[in-house]
Amino acid sequence: MDRKTAKAALAVNLLIVLMEIAGICMGFSNGAKMLVYYTVLSNLFALAACACFVLWAAGVLRAGDREPKPWITTLRYLSTGCLTLTFLVVVLVFVPMALPYGGVDALLFKGVNLFHHLLCPVFSFVSFCFLEKGAPRSRRQNVLALIPTVIYAVVLVILNLMRVVRGPYPFLLVYEQPLWASVLWAVVILGAAYGVYFGLRKLQGRKSREAAVSGAGRR
């Protein structure tokens, strides 16, 4: 990664860190019960991943050009996928549900949701796909990347079955929908997550190849 790109990626990731802190402080005004939300967990994950990237990128600017550590890239890959999935579920599922009631502004542009549903996912996606390098090249990584989402789904389904929590999302209401609906939601969400990670890998890989070709041309 050259210094110019590293500076841009550092700036965007630092901005994400600041927005995540602001959003998390606002969200946790409601207490630890917010941890049942995939959105909150994915944004906490993104905060940690972006903070690691910021520390690495700051080192790059001091020490010269080098590639990010694989574990940092993996964290950014996983967290960006979680945030992108959050954004897609909000836009494709919750926004249509809210349209008849006029709740779209609250979902995307007000309070903590401005950061967690819109700004952080978009900035993370742009930075990872167009500024950062080193996405996993193996398709097997796309499947392994589903593990955080699968763990969340399994834990929340169990808690719903035990009636410890209700939801917090409509597709987790196991007692209020038929079994086939729960299975269908699981297939759709996990399929979307796989597609997200596949797309992230392809987009970043294409950008890296274009950069390599451009660099070879200049030489």
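The following legends describe views of a predicted model of one protein chain.

**Figure 1. Overall fold of the predicted protein chain**. The secondary structure consists of 8 helices and 0 strands, and the order of elements from the N terminus is α-α-α-α-α-α-α-α. The radius of gyration is 19 Å, close to the 17 Å that the globule rule gives for 219 residues, so the chain is as compact as a globular protein of that length. Along the principal axes, the C-alpha atoms occupy a box of roughly 65 × 35 × 30 Å. Among contacts with a separation of 6 or more, 73% join residues 24 or more positions apart.

**Figure 2. Surface and charges of the protein chain**. The accessible surface amounts to about 11500 Å², and carbon and sulfur atoms contribute 71% of this area. Of the 219 residues, 42% are buried. The chain carries 22 positive and 8 negative charges, and the mean positions of these two sets lie 5 Å apart.

**Figure 3. Surroundings of Val93 in helix α3**. Helix α3 spans residues 70-98 and includes Val93. The relative accessibility of Val93 is 16%, and because the cut-off for buried residues is under 20%, Val93 counts as buried. When neighbours within four places in sequence are set aside, the contacts of Val93 are Leu88 and Trp185. The C-alpha atom of Val93 is separated by 9.9 Å from that of Pro170, a residue 77 positions away along the chain.

**Figure 4. The ring pair of Phe171 and Trp185**. The protein chain has 9 aromatic pairs by the ring-centre criterion. In the pair shown here, the ring centres of Phe171 and Trp185 are 5.2 Å apart and the planes meet at 40 degrees; this angle is neither under 30 degrees, as for stacked rings, nor over 60, as for edge-to-face rings, so the pair is tilted. The two residues are 14 residues apart and link distant parts of the chain: Phe171 belongs to the loop between α7 (147-161) and α8 (179-218), whereas Trp185 belongs to helix α8. Phe171 is buried, at 15% relative accessibility, while Trp185 is partly exposed, with a relative accessible area of 28%.

**Figure 5. The aromatic cluster that includes Trp185**. Tyr37, Phe94, Tyr169, Phe171 and Trp185 together form one aromatic cluster. Within this group, Phe171 and Trp185 make the tilted pair of the preceding view. Trp185 is also in contact with Val93, a residue of helix α3.

Terms used: Residues numbered from 1 in each chain as written. Predicted model: local features only at pLDDT ≥ 70, side-chain atom pairs only at ≥ 80, totals over all residues. Heavy atoms only, no water. Helix = DSSP H or I, 4+ residues; strand = E, 2+ residues; numbered from the N terminus. Buried < 20%, exposed > 50% of the residue type's maximum accessible area, 1.4 Å probe, protein only. Contact = heavy atoms within 4.5 Å. Rg over C-alpha atoms; globule rule 2.2 N^0.38 Å. Areas by Shrake-Rupley, 256 points an atom, 1.4 Å probe, with all protein chains shown as cover. Lys, Arg positive; Asp, Glu negative; His and termini not counted. Charge placed at Lys NZ, Arg CZ, Asp CG, Glu CD. Phe/Tyr/Trp six-rings, centres within 6.5 Å; stacked < 30°, edge-to-face > 60°.
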